[in-house]
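Visitor: Got a minute to go through this one with me? I'd like to start with the cysteines.

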Amino acid sequence: MRSTGPVSRIGRSLVAMTATAAAGAVAALSLAAPPAAAAPTETTAPRPGDTCTAADLGTRHPYIKTTEVSPAITHFKGWYVTEGTTGQQTVSTDTTTVIAVSVGLNDTIETSFAVEALSNVKATVGLDVKLEYTSTSKESNSVTWNLTQPGYYGFYKGTKKVTGTYGSLNCNRAQQDDGSWALEWTEGPGSGSFTTFTTLEEGAVRCQDSVPADSIMAKAQALLDCGSAAAKADDPAGVVTSGASAEQPGPTGHSARAALDCSAEAYKIAVPGKPLSWGAPLLADDGVRLRPSSIFSAHLDNWRLCNVTEQNGVLEASLWNWGNGGCATVAEENAATDRAVLMTAPCAEDDLQRFYIYRDVPGSSKIGVQNKYTGSMMGYDRYADGEFIRQYSSGRQDGTGTFDLIGV
């Protein structure tokens with residue numbers, strides 16, 4: 001027995017999005033929201049065109065667009081068994097392909113959006129796929145099998161690799177055929193790809209074995225190179241190597257302070273029906289918090305929308321604070337962290353400082369806010385003076401991601 005080896009600036013277009021001010025009252029801007037809600041539930045996931053409510057403006061759901069299932073061999077070793085050496089054999093295989101679970105840019109499945117995306121994949125393909133971060137390289141590489149016939153064997157471990165693409169379902173206003181407006185789940189700007197796999201199976205296969213086409217066993221049999229002399233001698237059975245993983249793009253680095261084209265109007269981003277609103281920090285290492293507005297607010301509660309664009313009914317803008325002169329941002333080192341605190345920083349051409357704004361129907365000032373780079377929705381843990389504004393991958397399911405954009 002021998003081993004054979006192995007964003008253009010359209011700030012002035014804000015006129016089109018400014019709502020009519022009530023007499024003697026502040027002006028309100030009617031904005032709508034994107035992503036749809038979040039963590040996996042037992043309820044049916046929303047589909048494009050389903051109705052949503054203003055409470056959903058600050059949430060999002062993943063929407064599975066395409067899937068592909070293919071057999072993959074993760075560990076393999078060619079093994080020649082002669083007469084008299086049959087029986088139970090334990091063979092150490094070589095790692096041939098590493099499959100890691102991932103959703104979007106992150107290879108750690110720690111957010112509700114990523115978990116829900118993989119749960120939707122499981123329902124779509126009808127297979128038991130991994131719903132948490134793991135990798136096939138963590139599997140033991142030894143295979144034990146009882147051999148009853150001599151021959152050239154391939155000892156293998158394999159799985160079904162599941163890949164595809166997803167979109168982000170967001171709640172946003174949509175005009176109906178009769179000219180009225182309604183809130184609907186629509187596909188928003190966020191999208192990406194995913195990878196997961198099923199439980200590993202192991203076994204041994206010979207060249208002369210009849211196996212199902214497109215099966216994991218057939219994939220292993222193909223590695224034996226049965227048409228060559230390798231099936232009859234102790235030449236290497238052929239090695240499969242995993243492709244180099246593509247480098248993932250990072251956010252743009254902070255460049256020189258950007259020249260912003262900002263609206264003349266300033267706004268509060270307030271909790272609907274309550275006095276607290278977004279207040280920017282005075283200190284660079286502090287975050288944006290819920291604060292009451294007063295004569296002592298020093299414009300830290302006033303925000304301008306800058307370099308505004310609109311696509312498919314969704315606004316994109318930088319949020320410039322009148323009080324400290326900075327732009328709202330998620331810190332680069334915390335971009336992949338759920339519940340990371342919203343900060344302000346010197347304004348720059350950076351997607352971490354760009355936000356999608358999802359609007360309620362005209363006449364309402366309710367909005368949802370989503371960071372362009374991270375895809376996460378803005379919200380807060382509880383209503384309290386001094387509470388941080390944070391990012392949540394799926395938004396807040398209790399409506400605490402819906403805000404009022406009120407002109408001041």
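Guide: Here is a short chat about the disulfides and one loop residue.
Guide: This is a predicted model, where local features need pLDDT of at least 70, side-chain atom pairs count only at pLDDT 80 or more, and totals for chains, interfaces and linings use all residues. Residues are numbered from 1 along each chain as its sequence is written, and side-chain values use heavy atoms, with hydrogens and water left out.

Visitor: OK, how many disulfides does a search of the whole structure find?
Guide: Three, a disulfide being a pair of cysteine sulfur atoms within 2.5 Å.

Visitor: Where do Cys52 and Cys171 sit?
Guide: Cys52 and Cys171 form a disulfide with sulfurs 2.1 Å apart. Cys52 is in the loop between strand E1 (2-3) and strand E2 (61-81), while Cys171 is in strand E7, 119 residues apart. Strands are DSSP runs of at least two residues and helices (H or I) of at least four, numbered from the N terminus.

Visitor: And Cys262, buried or exposed or partly exposed?
Guide: Partly exposed, at 26% relative accessible area; its disulfide partner Cys306 is buried at 0%. Buried means under 20%, exposed over 50%, partly exposed in between (1.4 Å probe, protein chains only).

Visitor: Switching topic: what is Thr148 in contact with?
Guide: Leaving aside neighbours within four places in sequence, Thr86 and Tyr153; contact means heavy atoms within 4.5 Å. Thr148 lies in the loop between strand E6 (142-147) and strand E7 (151-175), and counts as exposed at 59%.
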